[in-house]
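Open the model in your viewer and show it as a cartoon. The stops below go from the whole chain to single residues.

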Amino acid sequence: MNTRSAAAQGRGQAQRAANSTAVEVGARAGFGARGVIYVLVGALALQIALSGGGGKQADRGGAIAEIAEKPLGKIVLWLLGIALVGMALWRLSEALFGSAGPDGDKPTKRAMAGGRFVFYCFVAYSVLSFAAGDSDSGSGSSDERSQDVTAMALGWPGGQWIVAIGGAGVAGAGIWIAVRAIMRKYHKHLRMAEMSKKVRRAVDFTGVFGGSARGAVFATAGGFAIAAAISHDPDQTKGMDDTLRSFTDTPVGPWLLVIIALGLVAFGVFSWFNARYRKV
């Protein structure tokens, strides 16, 4: 067997592995785990809006800590972490071989899948580390981490520009997420024909409402990063927890945060619909 044929055979085996049932199960489990985290973050944000939250954090760290406090919480964290590893491996397969759909092999789609692979590797690591007993991993404040990273970046040559561009990228991503949700672009990724009318209505409600709320959070966080760059003050940067709390400072008081919190819960439910109907 020559080198070229061996390489072709290796690529074929890798692609078959990427399209295997195990990868599909991992992807669906990952969507389920993502749904759990968003539902908990939304519930924590709702507590903050209605009662101050009792010192809890409305971010991924707060959700992890909330799960860990419950009976069998560590077991649940192990299951969530493993499911998120499945999500990461699925995103890796999309980056290497393309995703489902006619445009799934576009370089931009594959690059985005690669970025999501890195992101879900980090999330899975933080959850599994916490489950393994590292209480400093995963449950730390997103606000402190954001400020530390911003302070470090501002100390670099051209740091203000770096932070400003990064913030603009996050804000732009938030707007992109919201617009795609409103336009129901997610339809092409779901097996809509398999849904009943009732399920389709539920998918569209949670997809539009949840995606818009999630996009609003990203866009607002990006705006705070831009403000930090302009003022050269890392304390202006906000993680998810402080970003959500900032919605209570609007003229409508805590009610905007109530809407955003319910939207994040809706996005969690939408993730569960993805676990069932996503084209993988």
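Helices and strands are DSSP runs here, a helix having at least four residues and a strand at least two, and they are numbered from the N terminus. The model is a predicted one.

**The whole chain**

Begin with everything selected and follow the chain from its N terminus: the elements run α-α-α-α-α-α-α-α-α-α. That comes to 10 helices and zero strands. The radius of gyration is 20 Å, close to the 19 Å that the globule rule gives for 280 residues, so the chain is as compact as a globular protein of that length. Along the principal axes, the C-alpha atoms fill a box of roughly 65 × 55 × 40 Å.

Now switch on the surface. About 14,100 Å² of the chain is exposed, and carbon and sulfur atoms supply 65% of that area. Of the 280 residues, 41% are buried. Among contacts with a separation of 6 or more, 75% join residues 24 or more positions apart.

**Helix α3**

Select residues 60-68, which form helix α3. How many of its nine residues are buried? Seven are, and the helix is mostly covered. Colour the buried ones: Arg60, Gly61, Gly62, Ala63, Ile64, Glu66 and Ile67. To see what these residues pack against, add α2 (21-51), α4 (73-97), α5 (107-131) and α6.

**α3 against α4**

Two packed helices are described by the angle between their axes and the distance between the axes. Keep α3 and α4 in view and hide the rest. Their axes are 7 Å apart, and the helices pack at an angle of about 135°. An angle between 115 and 145 degrees is neither roughly perpendicular nor roughly antiparallel; α3 and α4 are therefore oblique to each other.

Show side chains at the contact. From α3 come Ile64, Ile67 and Ala68, while α4 brings Gly73, Lys74, Val76, Leu77 and Leu80. Sorted by class, the residues of this contact are six nonpolar, one polar and one charged. Two of them, Ile64 and Ile67, are also on the list of buried residues in α3.

**The loop between α3 and α4**

Select Leu72, which lies in the loop between these two helices. Most residues other than glycine have a negative phi. Leu72 is not a glycine, yet its phi is positive, at about 65°. Is this residue buried or exposed? Its relative accessibility is 63%, so Leu72 counts as exposed.

**Tyr125 on α5**

Move to helix α5 and select Tyr125. This residue is exposed, with a relative accessible area of 55%. Draw a distance from its C-alpha to that of Gly81: the two are 7.2 Å apart in space and 44 residues apart in sequence.

**α6 against α7**

Next, select residues 142-154 for helix α6 and residues 159-182 for helix α7. The two axes come within 7 Å and cross at roughly 140°. The helices α6 and α7 are therefore oblique to each other. On the α6 side, the contact is made by Thr150, Ala153 and Leu154; on the α7 side, by Gly159, Gln160 and Val163. These residues divide into three nonpolar, three polar and no charged.

**Two residues along α7**

Stay on helix α7 and pick Ile162. With a relative accessible area of 40%, Ile162 is partly exposed. Which residues does Ile162 contact, leaving aside its neighbours within four places in sequence? They are Trp156 and Pro157. A second distance to draw is from Ile162 to Ala229, whose C-alpha atoms are 8.2 Å apart, with their positions 67 residues apart in sequence.

Then select Gly166, also found in helix α7. Gly166 is partly exposed, at a relative accessible area of 37%. Its C-alpha is 27 Å from that of Ala33, and the pair is 133 residues apart in sequence.

**The loop between α7 and α8**

The last stop is Arg184, in the loop between α7 and α8 (197-231). Its phi is positive, about 60°, although Arg184 is not a glycine. At 40% relative accessibility, Arg184 counts as partly exposed.

Key:
Residues numbered from 1 in each chain as written. Predicted model: local features only at pLDDT ≥ 70, side-chain atom pairs only at ≥ 80, totals over all residues. Heavy atoms only, no water. Axes fitted to C-alpha atoms, helices over the stretch in contact; angles between N-to-C directions. Parallel < 35°, antiparallel > 145°, perpendicular 65-115°, else oblique. Contact = heavy atoms within 4.5 Å. Nonpolar A, V, L, I, M, F, W, Y, C, P; charged D, E, K, R; others polar. Rg over C-alpha atoms; globule rule 2.2 N^0.38 Å. Buried < 20%, exposed > 50% of the residue type's maximum accessible area, 1.4 Å probe, protein only. Areas by Shrake-Rupley, 256 points an atom, 1.4 Å probe, with all protein chains shown as cover.
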